[in-house]
Amino acid sequence: MLMLGIIAAQAQRRRRAPNTNDTISSNYVPSELFSPQFYMEKGNEFHSANGAPGPKYWQNRVDYILNAAIDTAAKTLTATEKIHYTNNSPDALQFLWLQLDQNTYKKDARSNFATPFAPAANQHTDGYNIESVAINHGDVIQKVDFIINDTRMQVRLSKPIAPNGGGIDLIIHYKYTIPGNFGGRNDFFDTKNGKIYEIAQWFPRMCVYDDSRGWDTLPFLGAGEFYLEYGEIDYSVTVPSDMIVAGSGELLNPAEVLTTKQIARLAEARNSDKTIMIRDAAEVTDPGSRPKHNGTLTWHFKMLNTRDVAFGASKAYMWDAAKVNLPGGKKSLAMSVYPVESAGNNAWGRATEYLKKSIEYFSAKWFVYPYPVAVNEAGIAGGMEYPGIVFDGIGDKGGELYWVTAHEIGHNWFPMIVGSDERRFGWMDEGFNTFIDIYAADEFNRGEYAPKRDGEYAPGKGNPADEIVPIIADPKAPTIMTAADAVSEKYRHPLLYFKPAFGLVLLREQILGKDRFDYAFKNYIHNWAYKHPQPDDFFRSMDNGGGEDLAWFWKGWFYNNYSLDLVLIDAKYVNNDPKQGIRVTVANKEAMAMPFSVEVKLKDGTKRRMQLPVETWQQDKAITFIVPTTTEAESVTVDPDAALPDVNRKNNTMGVK
């Protein structure tokens, strides 16, 4: 295929289509799409105009020490939490806000009236029982006033925390009833060999105080997820001795909670690309697979530079692991825990392979996985992510298990590493993560489960450019920039996952090209790793790193649901002579614009293409240009690869007159 670019000779021949701009019925207004001043605010000392953190960027830090115990008879979790909060802001803080996600299960929780994720009738708990909140002054423990409002707690201080590095130490004693199988992300349920507990959002977590809004205190309603500060989390979990605990971070006391055989197998797995069984099906019911046969054991974990931790616990777990190869000779450990019902090479027997390969791909392509361990846990949460651990479907198999594993562990890049505000801007984690999934699926085992083109719930195997059209064309559909909790379930996946992901595909493959996109996107990730970017930081990063003013794209794709309809109006030989080329007229009938290609199919079987930039549409609703030919042609097609989200492909091809 002969590829033709737009060279000077052809540019001189481009001209406004005769009378077409005045006569064509079109919703396209060039001056609106390409209007200047997209950014309402200038860059500043905290968020630079180039999309990077500014020279005076700051964020606060939270370190936690947690000691928890699960009572499997009463189904309760009881804990003591020690928080060291560092105020790096320029403001003195008179009070603190914390998130209390367990309160979403209460009968009077706001979430019961806001989202379809609310528990069913009579499936509630009493939420957190906060027994006390105190300040640790070192030589004295002083109780402090606090109020609870839905899923938030305000701690009112008698003396403000000093700015620019001041700190405070809190001690919180609390407990809560663990929800049953209605918990979603914090639950327990039965398997053949015992209950599995999935424990997440299990401790009061500090709200973010940032330079955009001060305290970010949006309530937890279920759909909108998290916005959290970074720090070190040291946590211990006491459970019956016959249980295995798989958690975020590194296990610090393996000799106390594992058998000698399991420790040796883990050592083997750390150097093995092949999955090694740590606890097989036969050992699940063998008391010898635990170092202690009665009472309790305490599992001690630590995770550095993290926003959160979660864990699973069960006596029913099978357990396997394998080495993860990271760039620069670094290593991590991938492991999976699952009941015997999920075993088998067509199911969870390959879960660690899926986890390992996903981490290796994302690390090589975008940013190196920073944690010593990654866990894939089988349960009923059905696909949920936390730093270093994912909760995936207990019944998932084959491609379904691969896709959900890759997607959930991919969240360790967005938002566990790039710490965006999921509760306000769900697309900045779900959309970005769905985007990187696409290429991971293409890569895995030479495309064993490819293509993955619509995140975790693909509606079909059709062209994604066509699948996105009904979403954009739906007058009731919200925009990508809608708050996560304000998006109804009907539009949640299309608007938070699919549309932003496909938008990045368009940027990478049609607008910037792979090299410029990848360079800009990786810079964005590295600049904002373990920090808090806002949407404009991403937009500015891509503009600057890619070397383009993409305001027209952010405006049309993210802030609006603008449609695209490129129409081939005319295609005829210049002066009726094939040797003089084909004069082509293309119109844009809808509000969006895109760069596009035109392909001419010649009668001798060859094809010729011309690529036209988005600037084609800066002034005109319709344009005419000449595709050089030396022989007769059969047809002309606009967007021959069907790569653009064109609402009507029937008007994209015609024979040459």
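This note goes through a predicted model point by point, from one helix to salt bridges, enclosed spaces and unusual backbone angles.

1. Helix 12 covers residues 489–511, which makes 23 residues. At 1.5 Å a residue the helix should span 33 Å, and its end C-alpha atoms lie 31 Å apart, so the expected and modelled lengths agree. The helix is not free of bends: a kink of about 30 degrees is centred on Leu495.

2. Is helix 12 enclosed by the rest of the structure or not? Of its 23 residues, 19 are buried, so the helix is largely enclosed. Here buried means under 20% relative accessible area. Just after helix 12 comes Gly513, which takes a positive phi of about 90 degrees.

3. Salt bridges are the next topic. Side chains of opposite charge can pair when their charged atoms come close. The count for this model is 30 salt bridges. Three of these pairs, and one network, are described below.

4. Asp308 pairs with Arg205, and their closest N and O atoms are 2.6 Å apart. Asp308 sits in the loop between strand 20 (296–306) and strand 21 (311–314), while Arg205 belongs to strand 13 (residues 205–206), so this salt bridge ties together parts that are 103 residues apart in sequence. Both Asp308 and Arg205 are buried.

5. Arg649 and Asp466 form another salt bridge, at 2.7 Å from N to O. Arg649 is in the loop between strand 32 (633–638) and strand 33 (653–655), and Asp466 is in helix 10 (residues 464–467), so the pair ties together parts that are 183 residues apart in sequence. Are these two residues buried or exposed? Arg649 has 24% relative accessibility and therefore counts as partly exposed. Asp466 is also partly exposed, because its relative accessible area is 33%. Both values fall between the limits of 20% for buried and 50% for exposed.

6. Glu599 and Arg609 make a salt bridge whose closest N and O atoms are 2.8 Å apart. Glu599 lies in strand 29 (residues 596–602) and Arg609 in strand 30 (residues 607–612), with their positions 10 residues apart in the numbering. Glu599 and Arg609 are both buried.

7. Salt bridges can also join up into a group. Which residues are linked in a network of salt bridges? They are Asp273, Lys323, Lys356 and Glu360.

8. The model has two cavities of 30 Å³ or more. The largest cavity has a volume of about 50 Å³. Among the residues that line the largest cavity are His47, Tyr57, Trp58, Tyr209, Ser212, Tyr227 and Gln534. By class, this lining has four nonpolar, five polar and two charged residues.

9. The second largest cavity has a volume of about 30 Å³. It is lined by Gln99, Asp216, Leu218, Tyr227, Asp421 and Arg423. That lining divides into two nonpolar, one polar and three charged residues. Tyr227 appears in the linings of both cavities.

10. The second largest pocket holds about 460 Å³ of space. It is lined by 18 residues, and those closest to its centre are Glu41, His47, Ser212, Gln534 and Asp536. The lining of this pocket is made up of six nonpolar, five polar and seven charged residues. His47, Ser212 and Gln534 also line the largest cavity.

11. The backbone has some features to check by eye. Most residues other than glycine have a negative phi, and most peptide bonds are trans. The peptide bond from Phe414 to Pro415 is cis, with omega near 20 degrees. Pro415 is placed in the loop between helix 8 (398–410) and helix 9 (427–443). Another cis peptide bond joins Ala450 and Pro451, where omega is about -5 degrees. Pro451 lies in the loop between helix 9 and helix 10.

12. Asn305 is not a glycine, yet it has a positive phi of about 50 degrees. Asn305 is in strand 20, and its relative accessible area of 33% makes it partly exposed. Asn576 likewise has a positive phi, of about 60 degrees, without being a glycine. Asn576 is found in the loop between strand 27 (566–573) and strand 28 (582–588). With a relative accessible area of 69%, Asn576 is exposed.

Methods
Residues numbered from 1 in each chain as written. Predicted model: local features only at pLDDT ≥ 70, side-chain atom pairs only at ≥ 80, totals over all residues. Heavy atoms only, no water. Helix = DSSP H or I, 4+ residues; strand = E, 2+ residues; numbered from the N terminus. Expected span 1.5 Å × (residues − 1). Bend = angle between axes of the 7 residues up to and from the residue. Buried < 20%, exposed > 50% of the residue type's maximum accessible area, 1.4 Å probe, protein only. Salt bridge = Lys/Arg side-chain N within 4 Å of Asp/Glu carboxyl O. 1 Å grid on protein atoms, 1.4 Å probe; cavity = no way out; pocket = protein on both sides within 12 Å on 5 of 7 lines; lining within 4 Å. Points joined across faces, edges and corners; volume = space filled by probe spheres on them. Nonpolar A, V, L, I, M, F, W, Y, C, P; charged D, E, K, R; others polar.
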